[in-house]
Amino acid sequence: MDVYKDLYQQLIIDHNQNPRNFKKLDKISHSADGHNPLCGDTINVSLLEKDGKIKDIAFIGSGCAISKASAS
């Protein structure tokens, strides 16, 4: 089980340090904001949908490593 625990921790660290799709989209069709008042995490997820397909998706915000890795 330690192998999986180590892999999980490495993935969280990687996504926290190098988040995927961490940017602001110029054109969006949908967005949602989230805020956790217990720890202060904030996040905005935006996407561009066209013809029923997601063309681009991104998030901005701040929070703990788990929060950022989950959004990534």
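Which residues make a nonpolar surface patch of about 230 Å²? The points below take up that patch, then the salt bridges and the cavity.

1. The model is predicted. Residue numbers run from 1 along each chain as its sequence is written.

2. The nonpolar surface patch is made by Val45, Ile54 and Ile57, and its area is about 230 Å². Ile54 sits in strand 3. With a relative accessibility of 53%, Ile54 counts as exposed, because the class begins over 50%.

3. Salt bridges come next. The whole structure was searched for them, and 2 were found. One joins Asp14 to Arg20, and the other pairs Lys23 with Asp56.

4. In the Asp14 and Arg20 bridge, the side chains meet at 2.7 Å, taken from N to O. Asp14 is partly exposed, its relative accessible area being 27%. Arg20 also counts as partly exposed, at 34% relative accessibility.

5. In the Lys23 and Asp56 bridge, the closest N and O atoms are 3.5 Å apart. Lys23 belongs to the loop between helix 1 (2-17) and strand 1 (30-35), while Asp56 belongs to strand 3, so this pair ties together parts that lie 33 residues apart in sequence. Lys23 has a relative accessible area of 38% and is partly exposed. Asp56 is partly exposed as well, with a relative accessible area of 27%. Neither value falls in the buried class, because that class is for residues under 20%.

6. On internal space, the structure holds 1 cavity of 30 Å³ or more. The space in the largest cavity comes to about 50 Å³. Strand 2 (42-50), strand 3 (53-62) and helix 2 (65-71) are the elements that give two or more residues to the lining of this cavity.

7. Which residues line the largest cavity? The lining consists of Thr42, Ile43, Phe59, Gly61, Ser62, Gly63, Ser67, Lys68 and Ala71. Sorted by class, this lining has 3 nonpolar, 5 polar and 1 charged residues. Gly61 and Gly63 are in the polar group, because Gly is counted there. The charged residue is Lys68, because Lys belongs to the charged class.

8. Strand 3 comes up under each of these topics. Ile54 of the nonpolar patch is placed in strand 3, Asp56 of the second salt bridge lies in strand 3, and strand 3 (53-62) is among the elements that give two or more residues to the cavity lining.

Notes. Predicted model: local features only at pLDDT ≥ 70, side-chain atom pairs only at ≥ 80, totals over all residues. Heavy atoms only, no water. 1 Å grid on protein atoms, 1.4 Å probe; cavity = no way out; pocket = protein on both sides within 12 Å on 5 of 7 lines; lining within 4 Å. Points joined across faces, edges and corners; volume = space filled by probe spheres on them. Helix = DSSP H or I, 4+ residues; strand = E, 2+ residues; numbered from the N terminus. Patch = residues over 30% accessible without salt bridge, like charges linked within 9 Å, V, L, I, M, F, W, Y side chains within 5 Å. Areas by Shrake-Rupley, 256 points an atom, 1.4 Å probe, with all protein chains shown as cover. Salt bridge = Lys/Arg side-chain N within 4 Å of Asp/Glu carboxyl O. Buried < 20%, exposed > 50% of the residue type's maximum accessible area, 1.4 Å probe, protein only.
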